[in-house]
Amino acid sequence: MDNFLIRMVHESDTNNVLALMRVCFGERDFLNLSWYNWFNFTCPTGDNRLYVMIDMTSGRFVSGYGLLPIKVRYNSEIYNASLCTNVMVHPDYQGKGLFVKMGLHCLANEKNYNSLLSLGVPNKNALPGHLKVGWQILSPLIFISKKDLRRAQTKTKKVDKFDKRINNCIYLLTNKVNFMVLKDHNFLNWRYVDRPDKRYSIYVLEERQEIFGYVVLKYFNDNGYKKAHILDICATNYDSFSELILTAELFASELQCDELNCWQIQNSIYKDWFFKNGFSETPQGNVLIIYSNMDERKDPVPENWWFCLGDNDVF
């Protein structure tokens with residue numbers, strides 16, 4: 001490792017980092033300057049802590065590791081935490097242990113930011129490397145879907161952005177959960193409204209100037225197979241939840257989608273409500289992993305968790 005330097009990115013590194021991402025992840029539409037600046041420097045919870053590893057012999061950028069500041073409710077406590085993003089190693093440098101070296105260095109540095117927990121959703125190829133660093137699997141992530149879509153009109157309305165009234169709705173949910181990424185209207189607007197490369201559809205359930213829930217939806221055409229994703233949903237009761245699901249089904253139907261789907265954490269607070277609304281489990285799945293900088297970590301009480309598709313930045 002004498003010939004490699006790990007440091008946080010500088011403003012002058014932008015083109016080199018984007019070039020590394022294109023080599024590691026392929027030519028994706030979002031890998032441009034507007035996305036890079038939005039994700040790394042405009043999040044309300046803080047700038048992304050993005051690290052790079054440089055081969056000092058050649059000057060090449062060979063690895064990257066990002067930790068986006070978030071807040072997490074974990075049992076009865078609220079912790080400063082981070083979401084692990086955009087971990088990469090240049091193909092020419094794979095098999096040299098750089099993945100593990102980067103992980104150990106960057107996660108140890110989280111203590112300097114009082115960040116006690118880190119979350120991640122790795123792909124299957126990356127999971128073994130994360131486990132070597134010390135990450136642990138917190139929960140399976142299950143994909144649920146519904147294909148028999150209803151077209152009933154609903155009481156929700158489409159909005160362009162979230163206002164402060166949504167905070168009380170989220171607060172009521174937060175007090176019921178044992179694990180959840182915390183959000184408010186500023187974070188939701190950053191994630192779902194300000195993102196320059198994606199357009200999402202946002203609906204709220206409002207009665208007498210009070211908001212009882214929201215749902216964020218995305219349309220995706222997978223080589224002719226049309227899907228509608230529920231990226232995020234929040235409701236204070238079953239009736240409100242079901243009204244939001246009806247909205248999602250109408251959205252999917254009008255776009256002639258073949259299915260409506262959602263990520264489902266194992267101990268989801270909404271699990272039974274999804275199934276009552278006709279969703280079923282699919283063979284697809286992933287895992288949510290966790291890294292702790294606590295002296296002693298205890299798993300959350302195994303009920304009433306919430307983690308959604310939109311809590312992972314790539315969607």
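Leaving aside its neighbours within four places in sequence, which residues is Leu119 in contact with? In this predicted model, the list includes Ile70, Val72, Ser82, Leu83 and Cys84. Leu119 also meets Trp135, Phe179, Val181, Leu288, Ile289, Ile290 and Phe307.

## The nonpolar cores

Leu119 is a good place to start a tour, as it is among the residues with the most contacts inside the largest nonpolar core. That core has 86 residues. Phe179, Ile230, Ile233, Tyr270, Phe274 and Phe307 share the top group with Leu119, and two of them, Phe179 and Phe307, also appear among the contacts of Leu119.

Another core, of 19 residues, lies apart from the largest one. Tyr51, Met53, Cys106 and Ile289 are among its members. Ile289 is worth a second look on your screen, since Leu119 is in contact with Ile289 as well.

## An enclosed cavity

How many cavities of 30 Å³ or more does a search of the whole structure find? There is 1, and its volume is about 90 Å³. To find this cavity in the model, look for Leu68, Ile70, Leu83, Val181, Phe187, Trp190 and Arg191, together with Gly310, Asp311, Asn312 and Asp313. Ile70, Leu83 and Val181 belong to this lining and are also contacts of Leu119.

Helix H6 (185-192) gives the largest share of the lining, 3 residues. Strand S3 (60-74) also supplies at least two residues. Sorted by class, the cavity lining has 6 nonpolar, 2 polar and 3 charged residues.

## The largest pocket

Now for the open side of things. The largest pocket has a volume of about 1400 Å³, and 44 residues line it. Nearest its centre lie Arg28, Val121, Pro122, Asn123 and Val314, so to speak the landmarks to click on when you want to centre your view.

Which strand provides the largest share of the pocket lining? That is S4 (77-89), with 6 residues. Helices H1 (14-25), H3 (98-108) and H4 (127-133) each contribute at least two residues, as do strands S10 (210-222), S11 (225-235) and S13 (280-292). By class, the pocket lining has 22 nonpolar, 15 polar and 7 charged residues.

## Salt bridges

The count of salt bridges comes to 14. One of them pairs the side chains of Lys146 and Glu249, at 2.9 Å from N to O. Lys146 sits in strand S6 (residues 136-146) and Glu249 in helix H7 (residues 238-254), so this pair ties together parts that are 103 residues apart in sequence. Are these two partners buried or exposed? Lys146 counts as buried because its relative accessibility is 8%, under the 20% cut-off. Glu249, at 0%, counts as buried too.

Another salt bridge joins Glu206 and Arg165, whose closest N and O atoms are 2.9 Å apart. This pair also links distant parts of the chain: Glu206 belongs to strand S9 (residues 201-207), while Arg165 lies in the loop between strand S7 (157-159) and helix H5 (166-174), 41 residues apart. Arg165 is partly exposed, with 29% relative accessibility. Glu206 and Arg165 are part of a salt-bridge network with Lys157 and Asp163. Finally, Asp299 and Arg297 meet in a salt bridge at 2.5 Å, N to O. Asp299 is partly exposed at 49% relative accessibility, and Arg297 is partly exposed at 23%.

Definitions and conventions
Residues are numbered from 1 along each chain as its sequence is written. This is a predicted model: local features need pLDDT of at least 70, side-chain atom pairs count only at pLDDT 80 or more; totals for chains, interfaces and linings use all residues. Side-chain values use heavy atoms; hydrogens and water are left out. A nonpolar core is a set of buried Ala, Val, Leu, Ile, Met, Phe, Trp, Tyr and Cys residues joined through side-chain atoms within 4.5 Å. Buried means under 20% relative accessible area, exposed over 50%, partly exposed in between (1.4 Å probe, protein chains only). Contact means heavy atoms within 4.5 Å. On a 1 Å grid over the protein atoms alone, a cavity is a set of points where a 1.4 Å probe fits but cannot get out, and a pocket is an open set with protein on both sides within 12 Å along at least five of seven lines; lining residues have an atom within 4 Å of a point. Grid points are joined across faces, edges and corners, and a volume is the space filled by probe spheres set on the points. Helices (H or I, at least four residues) and strands (E, at least two) are DSSP runs, numbered from the N terminus. Ala, Val, Leu, Ile, Met, Phe, Trp, Tyr, Cys and Pro count as nonpolar, Asp, Glu, Lys and Arg as charged, and the others, Gly among them, as polar. A salt bridge is a side-chain nitrogen of Lys or Arg within 4 Å of a carboxyl oxygen of Asp or Glu.
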